[in-house]
Amino acid sequence: MASTSAEIIAFLLTISGWVLVSSTLPTDYWKVSTIDGTVITTATFWANLWKTCVTDSTGVSNCKDFPSMLALDGYIQACRGLMISAVCLGFFGAIFGLVGMKCTKVGGSDQTKAKIACLAGLIFILSGLCSMTSCSLYANRITSEFFDPSFVAQKYELGAALFIGWAGASLCIIGGSIFCFSIAENSNSPRRGYAYNGATSVMSSRTKVHNSVPDKTPPKHFDKNAYV
């Protein structure tokens, strides 16, 4: 029962993390323009993995998609690939997780289901690592430009999408680790033992048969002279 409850908790954690990771992909605010050193702010610049936008003081936004994927910076291409990989891995991890859970009726024996659940855990851990690497790489670029005194272009701060991505990656890694421990719990579960009484010897079997057969020898009759 404890293992089943742990698998249910792990599945809920991983699905929640996968949903958060998937939601960061179309989120707008991966980075937002900083107001450090600005007296009057007339516009706000923000960008994500697909476009860059500017919002004026009236709330009107003008966006421009990145013109060419091959002309993008290397870190944006890497972040795109890692985030798409994280979403795809989470999808397959959810399928294997459903099959490998003990509360479902598919997947075969308990040992087979434990192996499938462990595989789902590894997939979710890999998905979380991809998401965390992508968000960390993007955040590293923002912070390096922010603290670089020779960088004179527009500086940015960390957007809300990065924190959502980190939270989702953490949930995927934690839930995947619980799935991986399920195979260890299954292997340590007690097995039913069978008592072995040993082979019955030939003499004991013959004795039992001899004792079980009633003695049908007719009684002996003695003559009167035998008592004299």
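**Exercise 1. Find how many aromatic pairs the whole structure holds, then classify two of them.**

*Solution.* A search of the whole structure finds six aromatic pairs. This is a predicted model: local features need pLDDT of at least 70, side-chain atom pairs count only at pLDDT 80 or more, and totals for chains, interfaces and linings use all residues. Residues are numbered from 1 along each chain as its sequence is written, and side-chain values use heavy atoms, with hydrogens and water left out.

Step 1. Set the rule. Rings of Phe, Tyr and Trp (its six-membered ring) pair if their centres lie within 6.5 Å; planes under 30 degrees apart are stacked, over 60 edge-to-face, and the rest tilted.

Step 2. Take Phe91 and Phe92. Their centres are 5.6 Å apart, with 75° between the planes. The pair is edge-to-face.

Step 3. Take Phe146 and Phe147. The ring centres lie 5.1 Å apart and the planes meet at 85°, so this pair is edge-to-face.

Step 4. Name the ring cluster. Ring pairs link Trp30, Tyr75 and Tyr138.

**Exercise 2. Decide whether each of these four Phe residues is buried, partly exposed or exposed.**

*Solution.* Step 1. Set the cut-offs. Buried means under 20% relative accessible area, exposed over 50%, and partly exposed in between (1.4 Å probe, protein chains only).

Step 2. Apply them.
- Phe91 has 42% relative accessibility, so Phe91 is partly exposed.
- Phe92 has 46%, so Phe92 is partly exposed.
- Phe146 has 23%, so Phe146 is partly exposed.
- Phe147 has 64%, so Phe147 is exposed.

Step 3. Turn to the chain. Of its 228 residues, 29% count as buried.

**Exercise 3. Test the length of helix α2 and compare it with the UniProt record.**

*Solution.* Step 1. Place the elements. Helices (H or I, at least four residues) and strands (E, at least two) are DSSP runs, numbered from the N terminus. The chain has five helices and five strands. Their order is α-β-β-β-β-α-α-β-α-α.

Step 2. Compute the span. The expected value is 1.5 Å times one less than the number of residues. The 27 residues of α2 should therefore span 39 Å; the end C-alpha atoms are 38 Å apart, which agrees.

Step 3. Check the record. An unreviewed UniProt entry lists residues 82–104, 116–139 and 159–184 as "transmembrane region". Residues 82–104 are 83% helix and 0% strand, with end C-alpha atoms 31 Å apart. Residues 116–139 are 100% helix and 0% strand, and their end C-alpha atoms lie 35 Å apart.

Step 4. List buried positions. Those in α2 include Tyr75, Cys79, Met83, Gly90 and Gly100.

**Exercise 4. Describe the largest nonpolar core and the surroundings of Ser134.**

*Solution.* Step 1. Define the core. A nonpolar core is a set of buried Ala, Val, Leu, Ile, Met, Phe, Trp, Tyr and Cys residues joined through side-chain atoms within 4.5 Å.

Step 2. Describe the core. The largest has 19 residues; Trp30, Leu49, Met83, Tyr138 and Leu162 have the most contacts inside it. The elements giving two or more residues are α2 (74–100), α3 and α4 (160–187). The largest share, six residues, comes from α2. A second, separate core of five residues includes Ala10, Phe11, Ala117 and Phe179.

Step 3. Place Ser134. Ser134 lies in helix α3 (residues 110–146). Its relative accessible area is 0%, so Ser134 is buried.

Step 4. Find its partners. Contact means heavy atoms within 4.5 Å. Leaving aside neighbours within four places in sequence, Ser134 is in contact with Trp30, Cys79, Leu82 and Met83. The Ser134 side chain reaches the backbone oxygen of Cys79 at 3.2 Å.

Conventions. A polar contact is a pair of N or O atoms within 3.5 Å; within protein, one must be able to donate a hydrogen and the other to accept it, and residues adjacent in sequence count only if both atoms are side-chain atoms. UniProt positions are given in the numbering used here, feature names are shortened, and annotations may be inferred rather than shown by experiment.
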